[in-house]
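Reader: Please explain the terms applied to this structure, and show how each one follows from its value.

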Amino acid sequence: CTGEPLKVFCYDDSKPICLVCAKQEHSGHKTELLRDFCAKERVKLENKKVRVDTLLHELTSLYEDAPRKASKLHTQVDVAVSSIIATLNARRKILHADIRRRNSTLIKMLDTELTTRKESLQKLESVGLILRLLSAGCGVAPDGAIGDLLRGTVTYDEFLALNDPELTPAPNIQQLLKLNLPLKMRDEVLRFDWTAETKEVMPLVYPPKGF
C-alpha cells in the first residue's frame, strides 16, 4: 500500500484501500467510500442485533415458562387418567352386578330344572318298582294300562304320556291302575311311603310274605 489513509472499501477484494490504490491497482473494481460502507454495515449489524435480541427474549420466556407448562400438563394428565379410572371402575361395577344377576338367574333355572329332573326320575323309578312289585304280588298282569305295560304292549314313556300318573301318595297309584288287590297287599300299598324307600330296600319289602 502507498501509506495513504484508507478511505475506500473494495467490494471485489473485500478490504479497505487508499484513494491512490483505488485509481491504480483497483481501477475498475466496485468501490465505495469507507465511511459509507461502515454506515451501511452498522445498520445491518443493528438489525441483526434486534433480531437476535428478540429471539433471545423468546427463548428466555420459553425457558422460564417451561416448568409452569410442564406442571399444567402433569395436572391435565392426572385429571384425564383419574376420569378414565373412574369410568372403568363404574363400568366394572356394572359388569360385576350384571354377572351376579345373570349367575343368580342361571342358578335358579338350573335348580328348577334339576328339581324337575329329579322328580321325573323319581316318578320313573317309582313306576318301575311299583309295576315290578305289584306284578310279582298278583301273579298275573292285570287289565288296563298297567297290563299293557307289563305285557310290553306300551313303553314306559307311552304309559306316562297316556296316564301322567301322580305317583305319590300310594292311593293315587292304586286308583290309577284300578287293581283288584288282595286286602293284605292293598293295605301294604296304602301304607308304604314310596318316596322314602330306595331301589335296594323295596325288593326286601315286597312282595309281602304269604303271597
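Reader: What makes β1 and strand β3 a pair?

Author: In this predicted model, β1 and strand β3 (residues 31-33) run antiparallel and are joined by 3 bridges. Two strands pair if at least two bridges are found between them, and the 3 bridges here therefore satisfy the criterion. Within β3, Glu32 is the bridge partner of Phe9.

Reader: Which strand pairs with strand β1 (residues 6-10) over 4 bridges, and in which sense?

Author: Strand β2 (residues 15-18) pairs with strand β1 in the antiparallel sense. In β2, Phe9 has Pro16 as its bridge partner. The two strands, β1 and β2, form a hairpin with 4 residues between them.

Reader: What is notable about the phi of Ser14, and why is Ser14 called exposed?

Author: Ser14 lies in the loop between β1 and β2. Its phi is near 55°, a positive value in a residue other than glycine. The relative accessibility of Ser14 is 55%; exposed means over 50%, so Ser14 counts as exposed.

Reader: Why is Glu32 called buried?

Author: Glu32, in strand β3, has a relative accessibility of 15%. Buried means under 20%, so Glu32 meets the definition. Leaving aside neighbours within four places in sequence, Glu32 is in contact with Lys7, Val8, Phe9, Tyr11, Phe37 and Lys40. Over the chain of 211 residues, 19% count as buried.

Reader: Which residues make up the largest nonpolar core?

Author: This core has 6 residues in all: Val8, Cys10, Ile17, Cys18, Cys21 and Ala22. At least two of these residues come from each of β1, β2 and α1 (19-23). One of the core residues, Cys18, has a relative accessible area of 0%; this is under 20%, so Cys18 is buried.

Reader: How do you know that the structure holds 0 disulfides, and why is Cys18 not bonded to Cys21?

Author: A disulfide requires two cysteine sulfur atoms within 2.5 Å. The cysteine sulfur closest to that of Cys18 belongs to Cys21 and is 3.4 Å away, so the two are too far apart for a bond. The count for the structure is 0 disulfides. As for accessibility, Cys38 stands at 34% and therefore counts as partly exposed.

Reader: What makes Glu41 and Lys44 a salt bridge?

Author: The closest N and O atoms of Glu41 and Lys44 are 3.6 Å apart. The cut-off is 4 Å, so the pair qualifies as a salt bridge. Both residues lie in helix α2 (residues 34-138), 3 residues apart, about one turn of the helix. Glu41, with a relative accessible area of 28%, is partly exposed, and so is Lys44, at 48%.

Reader: Which residues form salt bridges with Asp98?

Author: Arg101 forms one, with closest N and O atoms 2.5 Å apart. Arg102 forms another, at 2.7 Å. Both distances are within 4 Å, so both count as salt bridges. Arg102 and Asp98 both lie in helix α2, 4 residues apart. At 54% relative accessible area Arg102 passes the limit of 50%, so Arg102 is called exposed. Elsewhere, salt bridges that share partners join Asp65, Arg68 and Lys69 into one network. The structure holds 8 salt bridges.

Note on methods: Residues numbered from 1 in each chain as written. Predicted model: local features only at pLDDT ≥ 70, side-chain atom pairs only at ≥ 80, totals over all residues. Heavy atoms only, no water. Buried < 20%, exposed > 50% of the residue type's maximum accessible area, 1.4 Å probe, protein only. Core = buried A, V, L, I, M, F, W, Y, C linked by side-chain atoms within 4.5 Å. Contact = heavy atoms within 4.5 Å. Salt bridge = Lys/Arg side-chain N within 4 Å of Asp/Glu carboxyl O.
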